[in-house]
Amino acid sequence: MTFDAVVVGAGFAGMYMLHCLRQMGLSARVYETGDGVGGTWYWNRYPGARCDVESMQYSYSFSQELDQEWTWSEKYAPQPEILSYANHVADRFDLRKDIRFNTKVTSAVFDESAGEWQVETSQGDQVRAQFCIMAVGCLSAANRPPFDGIDDFNGPVYHTGEWPHEGVDLTGKRVAVIGTGSSAIQSIPIIAKQASSLTVFQRTANYTVPAWNAKLDDEYVASIKADYPGLRAKARARPTGFYFPFNTNSALAATPEEREAQYEESWQRGGLPFLGAYGDLLFDKEANDTIAEFARRKIRETVNDPVTAELLSPDNVFGCKRLCVDTGYYAVYNEPHVTLVDVSKTPVERLTENGVVVDGKTYEADVVVCATGFAAMTGSFDRMHIVGRDGLTLKEKWAAGPGTYLGLSTAGFPNLFMVTGPGSPSVLANMVQSIEQHVDWMADCIAHIRKVGAQTIEPTPESEKEWVEHVNEVAAISLRSTCSSWYVGANIPGKPRVFMPYIGGFPIYVNRCNDVLTNHFEGFVTDVKDESNEIPEVRFTDRWRVPLDLEVISPAAIAAKKVPVV
Ligand code: FAD
Ligand code: NAP
């Protein structure tokens, strides 16, 4: 069978890509490993899973009717509600008929003579398509550390990102949680309520800010809906792709009393916007030290046992690892049945039939929860056999770190697009906005290629090199690139250390994509040259042509390199 396009993945990215391809009148087939839509929200069903970008903004913006008809119930919607939303979108836009569920794409090989991709799946499908769109997600390949003795353990071992659909009753169980990232921090307070004992194994302490989650009141929802396009436009102009009050002043220019008041006010607002307390927090270590110390003091004020409080207090740069957002995380360590075990110097040695062994001591457990994260950004690519020109596999090409042009495509792999690929703002921005902007750009690109009668488009190695250098150069300005995080692949043994997302800010990035498109896909080559002087049509990307609002972009960053760094 032959399609115009094959899309891999049916999360927010794959669903919207299918919708756009349909609108363009193209034939498309989507393959999805899971048996339903929603991606992240299909897989991550652990207790407490919810978004950390406010729901009113963490949602599609392409349809004003959808914006009006869907109503979020909480500031940060829980996973079941986000999954319902994904299902609603699939039904409303009649997406399911072109999606094959329970079907994993195992290989995608470029046939140079035909200029097409040959795609194979776990179900034995063999299809061809001119375009292959990887909508496989940045945080979709679960990282299950191969702990010794894991098969000896008498109970179940769950991963938060592959949580059983039927749910897990942890009532009265002795539970061990390995990891203290966002997934652990969301789930631990709820697990603690059910478990008879909870042992948390912490390798690196993480900063977390209270969510102050709440039901959304009708008046607030109505006020947003009265001008939803206005909110979306403001969000697009922000480095993070979502709107929140942002103070561009320098933390160091403030007096200690002023800083204290500002941090307290931002803490009371909670969530990721806490980092917007000052404009230089991610550029200047001295400024960062002030917010880090404020956060550590909050831990000491909450956790009664000074040794545990100290252990929970991170010593790295605040916001360097992805900031966590919680409900009642630190307070849980005051519960007598909750224990924190430091595995920073003495790692998890092994699992035995009875539990988890660290430094020769067994911590007994009935259930082990691995909240150990993902092989981020490249993991789902690595788990497929992707072959471009001259038999080069993507794995070989990316062995020293992923190289892309704009995070959209990679040289030597014609007509292969990636939604929120490495080198795009992706995980540093509101992901739904990032996804929509990428998909819209791809849709206009594909339409253009077909209009000019070309078969292939791909970036030149030079444009890719220039982009990778720019991504690295901008990353170096931010303190975010200085610690061992999944942004640099540090959580996966052997993975090359490269800062993968583009840190220059969403609007600057969008501007660049717009310019590339209007300059006749500058940096790309096609097999048929576009000789016209006409500017390519901007049917889908038109809505991203918003003016940059430089006032909200940190002046410290502008002074440094004329880029906003998120
Ligand atoms: P995904 O949702 O990951 O979907 C990719 C799909 O591709 C998956 O369903 C997967 O099964 C499928 N797939 C992969 N490989 C194959 C293959 N070979 N064959 C077939 N199918 C395949 N971002 C935010 O901006 N705000 C948030 O609040 C937020 N919260 C998050 C909470 C959690 C617990 C996690 C893990 C991530 C969160 N993220 C958040 C990031 C989140 O991943 C994105 O917001 C978004 O959902 C990604 O959508 P996607 O379609 O790009 O990828
Ligand atoms: P994560 O942030 O990578 O955290 C994984 C945790 O497991 C870390 O504490 C890590 O320690 C630990 N770990 C990994 N391997 C280990 C090992 N062998 N032994 C001991 N500890 C080990 O993963 P995550 O919590 O799933 O979150 C990933 C991302 O998904 C987040 O950063 C965020 O972008 C998104 N997310 C968002 C939300 C939300 O609030 N909406 C919720 C969940 C996830 P080290 O730090 O030392 O590596």
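Here is a short conversation about cysteines, aromatic rings and backbone angles in this predicted model.

Biologist: Before we start, what are the ground rules for numbering and confidence?

Modeller: Residues are numbered from 1 along each chain as its sequence is written, chains are lettered from A and ligands numbered from 1 in the order in which they are written, and side-chain values use heavy atoms, with hydrogens and water left out. Because this is a predicted model, local features need pLDDT of at least 70 and side-chain atom pairs count only at pLDDT 80 or more, while totals for chains, interfaces and linings use all residues.

Biologist: Happy with that! How many disulfides are there, and which cysteines form a disulfide?

Modeller: A disulfide here is a pair of cysteine sulfur atoms within 2.5 Å. That rule gives one disulfide. Its sulfur atoms are 2.3 Å apart, and the partners are Cys 320 and Cys 483.

Biologist: What is the handedness of the disulfide of Cys 320 and Cys 483?

Modeller: We look at the torsion about the S-S bond of Cys 320 and Cys 483. That torsion is about -120 degrees, so the disulfide is left-handed.

Biologist: How many residues apart in sequence are the parts that this pair ties together?

Modeller: Helices (H or I, at least four residues) and strands (E, at least two) are DSSP runs, numbered from the N terminus. Cys 320 lies in the loop between helix 10 (306-312) and strand 11 (324-326), and Cys 483 in the loop between helix 14 (461-477) and helix 15 (506-518). The pair therefore ties together parts separated in sequence by 163 residues.

Biologist: Is Cys 320 buried or exposed?

Modeller: Buried means under 20% relative accessible area, exposed over 50%, and partly exposed in between (1.4 Å probe, protein chains only). The relative accessibility of Cys 320 is 0%, so Cys 320 counts as buried.

Biologist: Why is Cys 20 not bonded to the closest cysteine, Cys 445?

Modeller: Cys 20 is buried, with a relative accessible area of 0%. Its bonding, though, is judged on the gap to the closest cysteine sulfur, in Cys 445. The two sulfurs are too far apart for a bond, at 13 Å.

Biologist: On to the rings: how are those of Trp 41 and Tyr 58 arranged?

Modeller: Rings of Phe, Tyr and Trp (its six-membered ring) pair if their centres lie within 6.5 Å; planes under 30 degrees apart count as stacked, over 60 as edge-to-face and the rest as tilted. The whole structure has 39 aromatic pairs. In the pair of Trp 41 and Tyr 58, the centres are 5.8 Å apart and the planes at 70 degrees, so the arrangement is edge-to-face.

Biologist: Where in the chain do Trp 41 and Tyr 58 sit?

Modeller: Both Trp 41 and Tyr 58 are buried. They lie 17 residues apart. Trp 41 is in helix 2 (residues 40-43), and Tyr 58 is in the loop between helix 2 and helix 3 (64-69).

Biologist: Which ring lies under Arg 236?

Modeller: A charge sits over a ring if NZ of Lys or CZ of Arg is within 6 Å of the ring centre and within 35 degrees of the ring normal. Arg 236 lies 4.6 Å from the ring centre, over the face of Trp 544.

Biologist: Last one: what is the phi of Phe 521?

Modeller: Phe 521 is in the loop between helix 15 and strand 20 (524-526), and with 3% relative accessibility Phe 521 counts as buried. Although Phe 521 is not a glycine, its phi is positive, at about 60 degrees.
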